[in-house]
Amino acid sequence: MQVIIFDDAQQIAESAAEWVAELINKKSNPVLGLATGSTPISLYQELVKKYKAGELSFSNTTSFNLDEYLGINEKNEQSYRHFMNENLFDHVDINKYKTFLPTCNQGENPREQGLDYEDKIAQAGGIDLQILGIGANGHIGFNEPTSSLASRTRIKTLTQQTLDDNSRLFAADEFQPTLAMTMGIATILDARYVLLMATGKNKAKAVKAMVTGPLSAVCPASSLQLHENAIVLLDKEAASELEDQDYYVWADKQNVKINQEFGLYHNY
Ligand code: F6R
């Protein structure tokens, strides 16, 4: 796991945007894995900026989002489809027919939808770069603590902590779904690269559990220890409980030189 510590969230967004831009500019048919939530919003703003400056085009990009609430129509403002349209898709030249979420509308079978999503990812050639946030309880996607490390896209019951954390996004009288469709942990681990961003003190405990383990379903993000190319972008608050911060800072200086000489990617 490559851990990089930044001064603030804006620097994280700029760095993450570089990873995405390099992939999109180098690969003829890039496949991006996307996330919702507060953390990636500034990344999406950076990507829109780059697109408007003519530095990158999404016209050949296919995308797969991590998760979507169950039974929520995509026109609903709380849907993750709506979030993606608002924060990214409506502002760049991506072909919306090539943007996928694990949607399961009312009346559809979540088991079939999960299998279908896995098929679609495989048909697209697999995910090159998966963007991730992390829950305060260590979840990635909506893979809550004790999710199987071998899980695939499926229906998942959200924990009370996740419901409480996300309640800020719902009005007092608004329906907040308790079920979601999410890529599984094994789906995420199949991505060629994963880029996890975390900011703020409330993520520090989960970040420590993810980076220094133990590898355990209790902290789903710790599964990234098994990934060959996991990059973790943290601000100082999110990194505050890590013990070897000096090492990460020093190693990052070496990696900057290595990346300049050999590029960010080596096996997509
Ligand atoms: C979002 C997702 C979640 C979030 C996580 C952090 O698609 O899958 O795992 O990444 O809950 O959310 P924020 O960024 O709002 O703190």
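This tour moves from the annotated domain to the ligand and then to two points in the backbone.

The model is predicted, so local features need pLDDT of at least 70 and side-chain atom pairs count only at pLDDT 80 or more, while totals for chains, interfaces and linings use all residues. Residues are numbered from 1 along each chain as its sequence is written, and side-chain values use heavy atoms, with hydrogens and water left out.

Begin by selecting residues 9–228, which an unreviewed UniProt entry annotates as "domain: Glucosamine/galactosamine-6-phosphate isomerase"; such annotations may be inferred rather than shown by experiment. Over this range the chain is 33% helix and 14% strand, where helices (H or I, at least four residues) and strands (E, at least two) are DSSP runs.

Next, select the ligand and the 14 residues that surround it, each having a heavy atom within 4 Å of it. The closest are Thr39, Asp67, His139, Gly141 and Lys203. Among the polar contacts (pairs of N or O atoms within 3.5 Å), a ligand oxygen is 2.4 Å from a side-chain N or O atom of Thr39, and a ligand oxygen is 2.7 Å from such an atom in Lys203. The protein buries 91% of the 410 Å² that the ligand exposes when taken alone, by the Shrake-Rupley method with a 1.4 Å probe.

Now go to Pro214, in the loop between α7 (204–212) and β10 (230–235), where a cis peptide bond with omega of about 10 degrees joins Gly213 to Pro214. Finish at Thr146, in the loop between β6 (129–132) and β7 (154–157), whose phi is positive, near 80 degrees. Most residues other than glycine have a negative phi, and most peptide bonds are trans.

Methods. A polar contact is a pair of N or O atoms within 3.5 Å; within protein, one must be able to donate a hydrogen and the other to accept it, and residues adjacent in sequence count only if both atoms are side-chain atoms.
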